[in-house]
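Good morning, colleagues. Please bring up the sequence and the model, and I shall take you through them part by part.

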Amino acid sequence: MRNILVRGVAAGAIALLSLTACSSERTGGDATATSGSTEAAKGFPANSLIGVALPAKTSENWVLAGDLFTNGLKDAGFQSDVQYAGSSTTVADQQAQISAMTTKGAKVIVIGATDAAQLSTQVEAAKQAGATVIAYDRLIKNTQGVDYYVAYDNFKVGELQGQALLDGMAKKKAKGPYTIELFSGSSDDNNSAVFFDGAMSVLKPKIDSGDVVVGSGQTDIKQTATDGWKAENAQRRMDSLLTSTYSSKTLDGVLSPNDTLARAIITSVKGAGKPLPIVTGQDSEVESVKSIVAGEQYSTINKDTRNLVAQTIQMVKDLQAGKTPEVNDTKSYNNGVKVVPSFLLPPMIVTKDNVVEAYANDPNLAPLTK
Amino acid sequence: MSRVKELQKSLFGGTTSNARQFGMIFTLVAIVLLFQILTDGLTLNPGNLISLVSQYSYILILAIGMLMVIVAGHIDLSVGSIAAFVGIVVAKVMQEYSVPWFVAILIGLVVGALIGAWQGFWVAYVGVPAFIVTLAGMLLFRGGNQYIGNADTIPVPEGFRTIGAGFLPEVGPNTGYNNLTLLLGLVICVAVVVREWRGRRTRREMQAEVAPMWISVIRIAIPLVVVVFASLQFAGGRVGTSFPISGIILGVLVVIYGFVTRNTAGGRHIYAVGGNARAAELSGVKLKRVNFLVMMNMSVLAALAGMIFVARSAASGPQDGIGWELDAIAAVFVGGAAVSGGLGTISGSIVGGLVMAVLNNGLQLMGVGSDRVQIIKGVVLLLAVAFDAYNKKQGRFSVIDSLMRPFRRDTPTGAESPAEAGQERGKSPVAG
């Protein structure tokens with residue numbers, strides 16, 4: 001039996017010898033790990049791989065962003081790898097996709113996070129492998145690994161929504177008090193609270209003065225949250241609110257953080273056979289623009305995804321050329337461990353009054369407004 | 001005896017019920033090689049192997065428990081919710097009471113055990129079908145996760161992250177590789193050699209036919225090459241990364257549970273219950289206790305998997321665990337377990353899980369979108385189980401079997417069974 005042992009060990013030794021010739025990442029890894037920052041300053045080849053990891057296709061916006069990234073990066077001469085998280089195991093999917101992009105040697109990874117607090121391990125690994133990480137639309141939390149953040153000014157979005165809600169109600173009914181309901185986004189999305197706080201900065205003084213009344217009394221963001229930004233959850237909550245609070249009262253307005261939820265709220269109100277309240281929105285989704293033109297949804301926000309994607313691609317180009325990308329805010333966005341340099345684009349409110357001008361340059365939306 | 005037949009008998013364990021499992025291993029190898037070519041060598045690159053292990057170890061841990069549940073003739077739909085519930089409890093406990101992370105892990109396992117006892121009680125002692133009990137558990141603990149966590153994402157401290165995102169540390173002289181990973185590889189190599197040697201000794205003592213020497217050499221050489229290659233790859237990753245801690249946890253569990261299900265009376269009772277519960281009970285198997293322990297064990301493993309995922313994600317979130325039960329169940333069935341219970345092995349399920357993992361990873365490396373990945377995984381699952389069903393209908397037809405049929409007559413049937421006890425590819429004695 002010793003014979004076998006000897007042979008086995010011999011076979012192992014031969015295998016070991018033949019395989020030590022295998023490439024090890026150690027030396028290369030060392031170089032990129034130590035010179036990571038200087039390398040970013042030096043730029044990288046113009047045909048490098050750029051990874052884009054986006055959340056599941058739950059809103060038109062993400063689908064559009066994906067298409068724009070694919071085409072925009074191709075036009076700029078980069079190779080692109082644009083991935084959406086799967087519909088059920090979203091977080092794990094996105095983690096795996098970011099790891100795969102790192103493995104493929106992506107120089108820049110643009111991430112629209114599904115859960116902004118659950119990506120730090122992958123983001124740090126990407127960073128250590130020499131990639132630059134740009135948080136797109138949602139700020140990635142609790143990690144040193146994020147280099148830049150590019151988004152629309154979301155507090156401003158909230159303020160505009162709050163103001164639009166007040167204006168819309170004043171147009172319909174000259175004098176208050178107005179009865180409203182509040183909806184906010186998914187609580188795992190960093191932006192939900194920012195929208196909500198922005199809107200409340202406008203609404204709170206009116207609520208305090210009694211000019212505006214929240215019918216159900218649900219003013220806490222925990223109570224108003226819509227899990228996963230899902231239309232069905234908003235519709236369900238609106239159904240219950242209508243049953244519990246508005247069997248006799250009239251609802252004047254609903255603060256909705258985006259268009260998908262706004263339409264769900266309108267569907268719910270229609271289903272209950274009630275008069276439509278003023279409903280705000282955001283994202284300029286096709287169905288909502290139609291709805292605004294038809295006079296159902298009151299407002300949306302034009303955060304043209306084209307501009308945001310174009311700005312992100314501009315950052316990628318700057319990095320490729322070895323320049324430091326332009327940022328316009330180095331104070332506001334703290335992700336828990338660092339203040340992330342940000343580029344914020346200004347949002348624009350759209351109602352029936354300015355819908356034609358607002359989408360004049362948008363090939364998909366312009367025809368709808370005629 | 002012809003060499004081909006010797007190869008079949010000694011290398012593959014000799015019977016047709018193993019054909020499927022070896023089919024799976026060949027499928028795994030084929031898929032790995034296919035993606036290695038399609039991705040220009042990225043699949044077997046150190047960085048990718050490392051992320052592959054850390055991405056899927058929690059699913060494979062679930063598959064271990066799920067295999068035992070399915071072999072016993074049940075199903076567990078609640079694992080994802082239990083994982084999420086334990087994850088949020090552990091994260092909360094560490095955040096609010098600053099409990100040290102290793103105590104938090106213990107708390108997590110205890111919570112898992114309590115949940116398991118709750119589900120086991122309903123299944124074993126009240127007699128509610130496991131499908132219903134765990135469907136209820138799925139809702140119950142998902143709700144519990146949201147109730148405790150307020151649908152928030154709660155970060156966990158650095159120490160805790162080791163179990164999900166940690167690696168074997170760098171120690172000893174600079175060899176250009178991670179020394180501990182090399183050591184681990186060496187230990188596995190020695191274990192492979194020793195096991196083969198002991199297997200031969202046992203056969204000799206039992207007066208059984210000992211396989212020819214060249215068979216033993218093959219049986220040692222192939223795993224050695226694989227292990228040496230793998231340990232060099234894992235040890236050769238970026239500095240600071242090496243074989244993931246979660247992979248080691250998985251490995252230890254596979255060895256322990258593999259031994260328990262194959263070589264202990266308690267383990268065999270699970271197969272007996274799944275094969276024919278009535279007959280098992282009449283033969284003295286404590287049916288209720290087996291069912292209780294199997295369900296409880298699943299929940300403990302789900303708790304562990306949940307904690308590993310939370311550690312890897314650096315936070316516990318409201319979407320944790322969604323769809324995990326399906327991944328684990330898919331791994332078990334792709335790995336050759338029978339839907340009717342009583343059949344299946346731990347190693348088979350791990351291979352099944354790896355097939356799905358490599359498929360997923362390879363497609364992602366190629367940049368295939370998650371929509372098409374899901375379609376492909378669905379088709380693979382269906383085909384794997386369809387193959388199983390077809391086998392049954394054909395009286396266990398298999399490709400290898402049909403090729404070997406002409407040689408069948410002179411098989412010394414008596415010599416096979418004791419010999420196989422020493423082999424790993426466990427088959428159920430009560431396998432229908």
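Among contacts in chain B between residues at least 6 apart in sequence, 80% join residues at least 24 apart. The elements of chain B are 18 helices and two strands. Of its 432 residues, 54% count as buried.

What we have here is a predicted model, and I therefore turn to confidence, since coordinates should not be read in detail where pLDDT is low. Chain B averages a pLDDT of 84, and 85% of the residues score at least 70. Among the elements of chain B, helix 5, residues 101-126, has the highest mean pLDDT, at 96, and helix 18, residues 413-421, has the lowest, at 40. Over residues 397-432 of chain B, pLDDT stays under 50. The model nevertheless has 55 contacts beyond four places in sequence for that stretch.

Let me stay with chain B for one residue. B:N178 sits in the loop between helix 7, residues 158-165, and helix 8, residues 179-205. Is B:N178 buried or exposed? B:N178 counts as buried because its relative accessible area is 0%, and the cut-off for buried is under 20%. Its side chain makes a polar contact with the side chain of B:T181, at 2.8 Å.

Now to the interface. How many residues does the contact take from each chain? Chain B contributes 64 residues and chain A contributes 54 residues. Between them, chain B and chain A bury about 4700 Å², with 55% of it on carbon and sulfur atoms. On the side of chain B, the residues B:R238, B:Q319 and B:Q364 supply 15% of the area buried against chain A, more than any other three residues.

In chain A, I would draw your attention to a sheet. This is an open sheet of four strands in the order 7-6-8-9, with parallel pairing. Its edge strands are strand 7, residues 212-214, and strand 9, residues 278-279, each of which pairs on one side only.

Strand 6 of chain A, residues 178-182, is joined to strand 8, residues 253-255, by three bridges, and the two run parallel. Within that pairing, A:E181 has A:V254 as its bridge partner. Three bridges also join strand 6 of chain A to strand 7, again in parallel, and there A:T179 stands opposite A:V213.

How many of the residues of strand 6 of chain A are buried? The count is five of five. Both faces of the strand are covered, with A:Y178, A:I180 and A:L182 buried on one side and A:T179 and A:E181 buried on the other.

Which helices meet these strands? Helix 7 of chain A, residues 190-208, lies across strand 6, strand 7 and strand 8, running at about 155 degrees to strand 6.

My last item is A:L68, found in helix 3 of chain A, residues 60-75. At 21% relative accessibility, A:L68 counts as partly exposed, because the class of buried residues ends at 20%. Leaving aside residues up to four places away in sequence, A:L68 touches A:L73, A:T305, A:R306, A:V309 and A:I313. Of these, A:R306 lies 238 residues away along the chain, yet the C-alpha atoms of A:L68 and A:R306 are separated by 7.1 Å.

That concludes my presentation. Thank you for your attention.

Conventions
Residues are numbered from 1 along each chain as its sequence is written. Chains are lettered from A and ligands numbered from 1 in the order in which they are written. Side-chain values use heavy atoms; hydrogens and water are left out. Two strands pair if DSSP finds at least two bridges between them. Contact means heavy atoms within 4.5 Å. Axes are lines fitted to C-alpha atoms, for helices over the stretch in contact, and angles run from 0 to 180 degrees between N-to-C directions. pLDDT is the predictor's confidence in each residue, from 0 to 100. Buried means under 20% relative accessible area, exposed over 50%, partly exposed in between (1.4 Å probe, protein chains only). A polar contact is a pair of N or O atoms within 3.5 Å; within protein, one must be able to donate a hydrogen and the other to accept it, and residues adjacent in sequence count only if both atoms are side-chain atoms. Buried area is the accessible area (1.4 Å probe) that two parts lose on being put together, summed over both.
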